[in-house]
Amino acid sequence: MITAAAGAALSACSVPAPRRTDPAPDPAPGRPVSTARRALLMQVLAHPDDDLYFMNPDTRLALDAGTPLVCVYLTAGEADGVNKIPGRARPVPDKAAYSSARHQGLRQAYAALLGLEPFTPWEISVADLGADRRAEVNVLTAGGRRVELVFLNTAMHTGRHRLGLPSLWQDRRLVLRTVVADGSPLRRAGSYTYDGLIGVLTGLMESYRPTVVHTLDPDPDIQHSTEAVRRKDSEQRGYSDHADHTAAACFAWAAMFRRAARATAGGGQVPGFVAVAYRGYYNRHWPKNLPPRVLAAKASHLVPYGGSPEWDCGNPSGCGDYNVGGGRPLTNRKGWVRSTHHRYPGTRTALAAEPDGRLAAYAVLGLRVVRWQETGRDSGVWGPPHDLGGGPLAPVLGSAASQDGRLLLFGLRFAALGGHGADNEREIVVLEQSAPGGGFLPWRGLGTPSPGRDEGRRIGVPVAVAAPGGQMHLFVRNARKGLSTRVRDGSGRWGAWRDMGGGEVQDGLRTAVDGGGRVHVFGAGHHAVHHWAQDFPGAGLSARAQLTAAPVPAHAPAALPAPDGSLTLHYRAAAESGLITARAGTPVPGARFEGYGPVAAAPSPRGPVLLGRTADGLVQVLTGDGLHIRTDGPVALDGASLHVGPDGRPTVAGLGPDATPWIWRPR
């Protein structure tokens, strides 16, 4: 039985946020950190198929490594009740049957992901969620691996022709009914309020204790499309995603905040989990980032979900979501399946060398920054975690060292997240060491490059670089999808935010300092690599010509100083697995480094060191003495980091599915 804590009563006011009994998030450091945990992945989704379209191959990698999986679907996915069969007449709408068919499609897809026959029977039961709420739960185990599907089944539309989850997030008067799918062991519909849904999600997290939480994008890009295009793309008005995806993500993040705040109240332990957010219909608007082999595997898992009306699956209401079956995910013009984009791309584990030669790793755990230090120089063993506070933070950190060796960590903080017209704000924050290798000063807010009630939510993760003259350059993707900067001078004083102009780029910016001491920034645009640079050290950066002579990038390129003082770029082209190496904006012969995802790079005495993933999702490093692939230890989450010491030896660190850091030094 799963029991959620009862939600607090709603305020009677019509605009301010409802009063809650939950403690407020406390960014102060010094909390104890939970260390006793087992790996478990929980996915909080709007619809059946969101995981297959937007989160794979990450989900598959976790399953293949034996990580138990719990998927929580907030809506019934019933839409208009039409399970369209391509090439046939439109069937009579039946919402309960369509919801049931999509549930069956998920059972087929996850059975196949576990290596079983699609029609393998599942254990189906009802879970008591408290406050007279219940959910259907499907469980399948195979060879020590386990998948649970939890169907909350809220209605996608209300009786007043409003969207269900988005309206529930905004309207405190709304009570959202559930849909009972055909064949479900549930016998009657239930209902959810705003606070009731957050309470149930928090209760599920407290019961299952996931170490990794996958969800969707709470702050999608602003997207101005014509009404006809918007409808055709199934996007909400003004933004590049489905309204249900945004609302589901907001509810998921609100539940994570509540879980973390309750756990740490009264001196309790920081809960040991990390969050991963995924872009949704954003994939439609940017170059595709999965090469053919990875794409084929991802698309193949949608085939059993789509199913076929000809299949004998044992479910009278349908054997899948028929419009998604066969090869249609690959022929769909929207191209959702062709990319997997993290909402917060970048480094999860910031690595820094201590004065005594040990490495320290910094990561966001339980929505706060936590530090681990090696037990000895080159020991390869992390000591206990130390809480540095700062939450609630997005899962990726920027970092840079000042001229005197003090580390600065930059984060994207959820300054406020609430429905019912409450504030929904993000800000950039910084944590600075008081001395090299020493303690840290209090967290400091640096504001946002996109002021405004709505625009401030749409900013990206911070990236920073130290310039030779003592300046610290901070860069953030702004709400207009361009680049903004804030610069700290040698005395420690921060200037104002400045829009740097240039075209639209994706988040996940990369920085470099060339041989002449000039700062550069690179971003992945719609059609080319975008570039900003200084004319001379100490000057402001400005937009340069796009690098149109090189292939369209899937991600922003890593840049390293070349012997002639220029920069060499390393990246993967859109929808390709090979490595592109470019100098002065023109491709040049480079190393063979097949795989997918972003490429990181660092200089060494024996030439560039490159970090990336193989097509199978394994971490790989290319050095002057060859290719090294990490085959032991826990599977790596996104955002592994690379550090090269003075002797040229590379060290790679990251987080595993148990939210614990690992370290790898290729031999």
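**Reading pockets, helix crossings and backbone exceptions**

Me: In this predicted model, which residues lie nearest the centre of the second largest pocket, and how many residues line it?

Reply: Rolling a probe the size of a water molecule over the atoms shows where empty space is left. In this predicted model, the second largest pocket has a lining of 34 residues, and those nearest its centre are Ala79, Ser234, His242, Tyr281 and Lys334. The space within this pocket comes to about 1300 Å³.

Me: Which elements give two or more residues to the lining of the second largest pocket, and what is the make-up of that lining by class?

Reply: Two or more lining residues of the second largest pocket come from each of helix H1 (50-54), helix H3 (95-113), helix H6 (227-232), helix H7 (243-264) and helix H10 (328-331). The largest share, 3 residues, is that of H1. Sorted by class, the lining of this pocket holds 13 charged, 12 nonpolar and 9 polar residues.

Me: What is the volume of the largest cavity, and which residues lie nearest its centre?

Reply: A cavity, unlike an open pocket, is a space where the probe fits but cannot get out. There are 5 cavities of 30 Å³ or more, and the largest cavity has a volume of about 150 Å³. Its lining is made of 14 residues, with Asp58, Ala62, His214, Ala636 and Leu637 nearest the centre. H2 and S8 each supply at least two residues of this lining, and the largest share, 3 residues, comes from H2. By class, the lining of the largest cavity has 9 nonpolar, 2 polar and 3 charged residues.

Me: How should I read the packing of two helices, and at what angle do the axes of H5 and H7 cross?

Reply: Two packed helices are described by the angle between their axes and the distance between the axes. For helix H5 (residues 194-208) and H7, the axes come within 8 Å and cross at roughly 60°. H5 and H7 are therefore oblique to each other, and the crossing in which H5 passes H7 is right-handed.

Me: Which residues of H5 and H7 meet there?

Reply: On the H5 side, the residues in contact are Tyr194, Asp195, Leu197, Ile198, Gly199, Leu201, Thr202, Met205 and Glu206, and they meet Phe251, Ala252, Ala254, Ala255, Met256, Arg258, Arg259 and Arg262 of H7. Taken by class, this contact has 10 nonpolar, 2 polar and 5 charged residues.

Me: Turning to the backbone, which residues does the cis peptide bond with omega about 15° join, and where is Pro392?

Reply: Most residues other than glycine have a negative phi, and most peptide bonds are trans. Here a cis bond with omega about 15° joins Asn56 and Pro57, and Pro57 is in the loop between H1 and helix H2 (58-64). The bond from Gly391 to Pro392 is also cis, with omega near 0°, and Pro392 sits in the loop between strand S13 (386-389) and strand S14 (398-401).

Me: What is the phi of Arg209, and where does this residue lie?

Reply: Arg209, although not a glycine, has a positive phi of about 55°. Arg209 belongs to the loop between H5 and strand S8 (212-215).

Definitions and conventions. Residues are numbered from 1 along each chain as its sequence is written. This is a predicted model: local features need pLDDT of at least 70, side-chain atom pairs count only at pLDDT 80 or more; totals for chains, interfaces and linings use all residues. Side-chain values use heavy atoms; hydrogens and water are left out. On a 1 Å grid over the protein atoms alone, a cavity is a set of points where a 1.4 Å probe fits but cannot get out, and a pocket is an open set with protein on both sides within 12 Å along at least five of seven lines; lining residues have an atom within 4 Å of a point. Grid points are joined across faces, edges and corners, and a volume is the space filled by probe spheres set on the points. Helices (H or I, at least four residues) and strands (E, at least two) are DSSP runs, numbered from the N terminus. Ala, Val, Leu, Ile, Met, Phe, Trp, Tyr, Cys and Pro count as nonpolar, Asp, Glu, Lys and Arg as charged, and the others, Gly among them, as polar. Axes are lines fitted to C-alpha atoms, for helices over the stretch in contact, and angles run from 0 to 180 degrees between N-to-C directions. Angles under 35 degrees count as roughly parallel, over 145 as roughly antiparallel, 65 to 115 as roughly perpendicular and the rest as oblique. A crossing is left-handed if the near helix is turned anticlockwise from the far one by less than a right angle, and right-handed if clockwise. Contact means heavy atoms within 4.5 Å.
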